[in-house]
Structures are given as C-alpha cells and as structure tokens.
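Walk through this fold with me, one element at a time. We begin inside a sheet and move outward to helices, hairpins and empty space.

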Amino acid sequence: MKRVVVGLSGGVDSSVTAYLLQKQGYEVIGLFMKNWHDDSVTISDECPWLEDSNDAMIVAEKLGIPFQTVDLSEQYKERIVDYMFDEYEKGRTPNPDVLCNREIKFDVFMDIALGLGADYVATGHYCRKEEEIIDGKPVYKLLAGKDGNKDQSYFLCQLSQEQLSKALFPVGELTKPEVREIAKEADLITAEKKDSQGLCFIGKVRLPDFLQQKLQPKEGVIVQVPDSLEAYNKPLPRFENKQAELTYKSKKFEYDVADGKVVGKHQGAHYFTKGQRKGLAVGGTKEPLFVIETDVEENVIFTGEGKNHRGLYRNVLFVSNEELHWVREDLALANDETMEVEARIRYRQPLEKAILHKVENGLFVEFENPQSAIQEGQFVAWYNNEELLGSGVIS
C-alpha cells in the first residue's frame with residue numbers, strides 16, 4: 001500500500017484531496033504546516049492558523065487518518081519572508097506563493113514527508129500531472145487544472161522533475177463546485193469554508209503593514225507622466241539583428257521628475273508595485289492613476305492616467321540564465337533556438353501568444369500583444385497545449 005502525506009491546510013481543497021486519496025486506497029497521513037508566528041501584522045483578530053489547524057485536525061479525525069502539526073516558521077521566515085523584504089527593497093515585486101511551493105511545500109515539507117516513509121506528497125492544487133516515457137526515461141508533465149477558473153499550475157511553475165515525480169494533485173481533475181459537493185457528501189467540516197486570501201500560509205496580512213516592519217517609511221513625491229511623453233513616441237531605431245531589437249524592446253522606460261508634474265506624496269516607493277492603483281490617494285483626474293514605475297533609489301513613484309497609459313505596456317521581457325527554470329528539462333532551448341508558446345506573467349491572466357528566444361545570457365519572451373505592468377521579480381510561465389513547460393523571474 002502506497003503511503004501519501006497530504007498537506008492539510010484546513011481548507012476544502014486539501015480536505016477533499018485526503019478523502020479522495022483514501023478512497024483510492026492510499027494510506028494517508030495529514031500534516032498541517034505552521035509557518036507564521038507573528039500575529040502583530042495580521043489584519044483581523046481571528047488567528048487564522050489556529051482555526052485552520054483545528055479544522056484540519058477535525059477533518060483528519062473524521063477520515064480516521066493520523067495527523068500532526070509541523071512548525072516550519074523558521075524556514076519560512078528565512079526563505080520566504082526575508083526574500084520578500086529583500087526584493088521589495090530592490091524595487092522588485094516578488095511572488096511568495098510560487099516560492100512557497102518550491103521552497104516549503106515541495107522541499108522542506110516533502111523532506112519531512114519522505115522521512116515519514118511517504119511515497120508521495122499531495123496538495124489541494126488545481127493542476128494535473130501526467131507521466132510519459134521519453135527515450136526510455138519517465139518524464140513528468142505539469143498540466144493546467146480542469147477548472148479554468150481555478151487553474152493553479154502557475155503557482156507550481158518552479159517545480160523540478162524530481163519534485164513532480166513525488167507529487168499528487170487529486171482535485172486537479174475536478175471543478176471547485178464539484179470539490180465542495182464531494183466535501184458535503186463526505187460530511188467534511190470545511191465544505192462551505194471560504195477560500196483563504198492573503199500571503200500563502202500567513203493569513204490575512206496587509207502588505208504595507210507587513211513591509212513596514214522592515215522597510216522604514218520615507219516621504220517622497222508622486223509624479224504624473226503624460227501620455228504625450230516624447231519617449232513613448234520615438235520612432236524605432238534600425239536594428240542589426242533580432243537580439244538587438246529584443247534587447248531594446250525589453251528595456252523599461254526611464255523617467256525623471258521633470259517628465260511630469262508632482263501630484264502628491266507617498267510614504268515609500270518600495271511599498272508600491274507597477275500596475276497598482278490603490279493607495280495613491282491622488283484625486284482630480286478623469287481616470288484613476290496607475291503606477292507605471294517606481295524608483296526606490298530616488299524614492300519617486302511615477303504614475304499615468306488610465307489603464308491604457310503607454311507607460312504600462314511593453315511586449316518583450318528578459319529572464320537571466322540564473323533565474324530560468326525548465327519543468328520539462330528535455331525541452332530546454334539551446335542558444336539561438338526559438339519556441340512558440342503561450343505565456344502569462346501573473347496568476348489568472350489568460351494565456352497570450354509569445355515566442356521564446358534563447359540567447360547566451362538568458363531568454364527573451366516576445367509577446368504578440370503588449371502586456372500591461374510587466375513587473376520585475378514576478379514569474380513568467382510558458383505553456384504548450386495546457387502543459388506548463390518552464391518559467392523564470394522577470395529581470
């Protein structure tokens with residue numbers, strides 16, 4: 001009998017994951033990960049992890065499976081929280097959920113599970129896994145979940161073949177309503193429970209409050225840049241080759257305070273991300289202002305009016321070799337090779353047509369259509385027919 005450790009989070013997806021695996025004849029063990037202690041930054045009085053671990057325990061009792069809590073807060077702080085502060089300080093926007101899967105759930109947690117003699121680790125992610133023998137070796141494929149509204153393959157875009165070989169995603173074949181239905185029929189306490197929001201595992205955290213613990217507020221100006229800025233309307237230079245063109249188009253616009261007018265003040269450029277419109281508190285424009293760039297060195301936020309502002313869009317981005325990751329190592333591009341894919345630069349974004357260009361120091365992703373708010377530090381993931389082939393950090 002194969003043994004599988006399920007990360008029980010106290011939510012409906014992981015509860016149904018445990019239930020389905022038990023039905024399929026696995027020996028199931030439930031583990032709850034405690035990843036956070038500091039209650040000073042959660043928004044509400046509810047202590048989310050306490051309530052969640054309680055729910056997870058009740059589900060485990062109901063299913064009659066062994067259950068324990070593991071405290072990973074030290075690793076979580078080192079690998080996720082410190083990384084986030086570090087990225088924000090550099091003016092980049094991290095994606096803690098992607099990292100949490102790579103570094104915590106499928107690394108630290110997986111080691112604990114394998115230490116318990118598990119053959120597999122299962123989570124409640126909406127994605128699917130397939131196996132194919134290629135050149136006599138098993139190759140694992142990460143596929144989008146059946147439920148188009150809930151596909152979470154993006155969050156797993158940094159997993160390796162080794163991690164995938166030991167992962168199971170039972171709810172990936174189902175839609176969310178089906179999952180709730182199964183939970184109801186099985187009489188699981190989490191059947192009606194709302195989906196969790198906020199940082200992976202930390203609970204409801206206000207990002208600025210969270211960041212303020214480490215990053216000191218400092219007042220700076222908000223500059224509004226007009227759509228008529230000369231930089232937006234420059235004719236394209238002539239390029240010697242494709243790489244020169246891609247390099248040019250992947251560069252972001254550089255702004256100066258003189259490029260626009262000062263319309264307000266902020267408490268720290270590192271609290272803001274590109275594409276953001278909340279929290280600027282500047283009135284008097286027809287359409288809302290959006291952040292088009294932040295300068296953490298000079299502590300200036302540059303904004304543009306309306307979501308179609310020219311400063312928000314470009315269609316090429318770059319990933320350096322150090323931050324390039326192929327889930328399908330067998331399909332990795334060699335220098336000068338290209339590949340037609342569909343890609344996304346954030347969770348829930350519809351897939352967009354793009355071409356990958358491998359060059360010596362990294363990879364260009366050239367989108368057919370301009371993308372809004374391409375943000376350094378975020379992950380770009382590329383697919384072919386529902387299969388996630390690889391990903392990288394936007395540099």
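Strand 1 (residues 3-7) runs parallel to strand 4 (residues 120-122), and three bridges join the two. Within this pair, Val6 stands opposite Ala122 in strand 4. Keep in mind that the model is a predicted one.

Now widen the view to the whole sheet. It is open, it has five strands, and their order is 3-2-1-4-7. The pairing is parallel. Which strands stand at the edges? They are strand 3 (67-71) and strand 7 (167-168). Each has a single partner strand, so one side of each is left without a neighbour in the sheet. Helix 1 packs on this sheet. It touches strand 1, strand 2 (27-34), strand 4 and strand 7. The direction of helix 1 makes about 165° with that of strand 1.

Helix 1 has a helical partner as well. Two packed helices are described by the angle between their axes and the distance between the axes. For helix 1 (residues 12-23) and helix 6 (residues 176-185), the axes come within 9 Å and cross at roughly 65°. The crossing is left-handed. Which residues make the contact? Helix 1 contributes Val12, Asp13, Val16, Tyr19 and Leu20. From helix 6 come Lys176, Val179, Arg180, Ile182 and Ala183. By class, the residues of this contact are seven nonpolar and three charged, with no polar ones.

A further open sheet follows. This one has four strands in the order 9-8-11-10, and its pairing is mixed. Strand 9 (261-266) and strand 10 are the edge strands, each pairing on one side only. From one strand to the next, the twist averages 30°. Look at one pair in detail. Strand 8 (residues 220-224) pairs with strand 9 in the antiparallel sense, over five bridges. Ile222 stands opposite Gly264 in strand 9.

Further along the chain, turn to strands 14, 15 and 16. Strand 14 (residues 338-344) and strand 15 (residues 352-359) are antiparallel partners, with six bridges. Here Val341 stands opposite Ala354 in strand 15. Strand 15 also pairs with strand 16 (residues 362-372), again antiparallel and over six bridges. Strand 15 and strand 16 form a hairpin, with two residues between them. Val359 stands opposite Gly362 in strand 16.

What remains is the space between atoms. Rolling a probe the size of a water molecule over the atoms shows where empty space is left. The second largest pocket has a volume of about 630 Å³. Its lining counts 23 residues. Ala231, Lys251, Phe253, Tyr313 and Arg314 lie nearest its centre. Where does the lining come from? Helix 8 (230-233), helix 9 (242-250), strand 10 (289-295) and strand 12 (313-320) each supply at least two residues. Strand 12 gives the largest share, three residues. The lining of this pocket divides into twelve nonpolar, two polar and nine charged residues.

There is also enclosed space. How many cavities of 30 Å³ or more does the structure hold? It holds one. The largest cavity has a volume of about 60 Å³. It is lined by 13 residues, and those nearest its centre are Gly91, Thr93, Phe272, Thr273 and Thr294. The lining of the largest cavity has four nonpolar, six polar and three charged residues.

How values were computed: Residues are numbered from 1 along each chain as its sequence is written. This is a predicted model: local features need pLDDT of at least 70, side-chain atom pairs count only at pLDDT 80 or more; totals for chains, interfaces and linings use all residues. Side-chain values use heavy atoms; hydrogens and water are left out. Axes are lines fitted to C-alpha atoms, for helices over the stretch in contact, and angles run from 0 to 180 degrees between N-to-C directions. A crossing is left-handed if the near helix is turned anticlockwise from the far one by less than a right angle, and right-handed if clockwise. Contact means heavy atoms within 4.5 Å. Ala, Val, Leu, Ile, Met, Phe, Trp, Tyr, Cys and Pro count as nonpolar, Asp, Glu, Lys and Arg as charged, and the others, Gly among them, as polar. On a 1 Å grid over the protein atoms alone, a cavity is a set of points where a 1.4 Å probe fits but cannot get out, and a pocket is an open set with protein on both sides within 12 Å along at least five of seven lines; lining residues have an atom within 4 Å of a point. Grid points are joined across faces, edges and corners, and a volume is the space filled by probe spheres set on the points. Two strands pair if DSSP finds at least two bridges between them.
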